[in-house]
Amino acid sequence: PGHGGPDPGAIGIKGLRETDVVLDISLKVAQLLRSKGVRVSLTRKIDVDLDLPPRVTLANKVGANAFVSIHANATRTSRRDVNGIETFYFSGPRGLRLARNIQRELLRVTPKTSDRGVRRSRFFVIRRTTMPAVLVETGFITGKIDGPRLSTSSYRDKISFAIAKGILNYLRGKS
Ligand code: ZN
């Protein structure tokens with residue numbers, strides 16, 4: 001889960017905070033993966049302050065097969081017309097494959113929002129981790145389509161299910 005503590009991340013419609021949205025989604029993803037026998041390490045389980053380097057250190061230390069950073073997006077000027085899902089990876093065919101699997105499953109459960117695609121990026125947490133790593137943007141909390149949806153538990157459930165399924169597909173070798 002991205003952000004936490006004094007860093008709430010993006011702030012969306014009706015004060016919706018990215019840190020709360022992504023923690024809820026991440027806890028659900030962890031639960032789903034554990035129910036399928038996957039070992040999960042969370043960088044944070046509560047709303048706590050955590051710098052980027054310790055997140056990377058944890059992932060590298062536990063020898064993770066995959067690193068997934070979960071976020072929600074915002075436009076600086078709170079443009080309500082900007083909505084969509086995107087997944088970033090830094091390098092390598094396995095990082096790309098992990099990103100594609102997650103993006104594909106997310107698009108299945110998010111009709112009417114845009115597919116902003118799988119893209120390369122140099123975000124610290126995906127650049128410095130030693131395993132295939134991605135950063136998922138689960139929608140714009142400032143967007144008129146994504147924002148209200150991300151404020152509901154039922155939609156977060158769908159997002160969590162999709163991310164977990166994408167990770168499972170990746171771990172099972174699906175391209
Ligand atoms: Zn974020």
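The following questions and answers concern the fold, the sheet and two helices of a predicted model.

In this predicted model, local features need pLDDT of at least 70 and side-chain atom pairs count only at pLDDT 80 or more, whereas totals for chains, interfaces and linings use all residues. Residues are numbered from 1 along each chain as its sequence is written, and side-chain values use heavy atoms, with hydrogens and water left out.

User: In what pattern do the helices and strands of the protein follow each other along the sequence?
Analyst: Helices (H or I, at least four residues) and strands (E, at least two) are DSSP runs, numbered from the N terminus. The protein has six helices and four strands. Read along the sequence, their pattern is α-α-β-β-α-β-α-β-α-α.

User: What radius of gyration does the protein have, and how does it stand against the globule rule?
Analyst: The radius is taken over C-alpha atoms, and the globule rule is 2.2 Å times the number of residues to the power 0.38. For 175 residues the rule gives 16 Å, and the protein is as compact as a globular protein of that length, because its radius of gyration is close to this, at 15 Å.

User: What percentage of the residues of the protein count as buried?
Analyst: Buried means under 20% relative accessible area, exposed over 50%, and partly exposed in between (1.4 Å probe, protein chains only). Of the 175 residues, the share that counts as buried is 48%.

User: In which order do the strands stand in the sheet, and which are at the edges?
Analyst: Two strands pair if DSSP finds at least two bridges between them. The four strands form an open sheet of mixed pairing, in the order β1-β4-β2-β3. One side of each edge strand is left without a neighbour in the sheet, because each has a single partner; these strands are β1 and β3 (115-120).

User: Which residue of β3 does isoleucine 85 stand opposite?
Analyst: Strand β2 (residues 85-89) and β3 run parallel and are joined by five bridges. Opposite isoleucine 85 in β3 stands aspartate 115.

User: At what angle does α3 run to β2?
Analyst: Axes are lines fitted to C-alpha atoms, for helices over the stretch in contact (heavy atoms within 4.5 Å), and angles run from 0 to 180 degrees between N-to-C directions. Helix α3 lies across β1, β2, β3 and β4. Its angle to β2 is about 170 degrees.

User: How far apart are the end C-alpha atoms of helix α6 (residues 153-171)?
Analyst: The expected span of a helix is 1.5 Å times one less than its number of residues. The 19 residues of α6 should therefore span 27 Å. The model agrees, with end C-alpha atoms 27 Å apart.

User: Which elements cover the buried residues of α6?
Analyst: The buried residues of α6 include Tyr155, Ile159, Ile163 and Ile167. The buried residues of α3 pack against several elements, among them α6. The cover of α6 includes α1 (18-35), β1 (67-73), α3 (93-108), β4 (133-140) and α5 (146-150).

User: Is lysine 28 buried or exposed?
Analyst: Lysine 28 lies in helix α1. With a relative accessible area of 15%, lysine 28 is buried.

User: Which residues is lysine 28 in contact with, leaving aside its neighbours within four places in sequence?
Analyst: Lysine 28 and serine 160 are 132 residues apart in sequence but 5.9 Å apart in space, C-alpha to C-alpha. With those neighbours left aside, the contacts of lysine 28 are Ser153, Arg156, Asp157 and Ser160.
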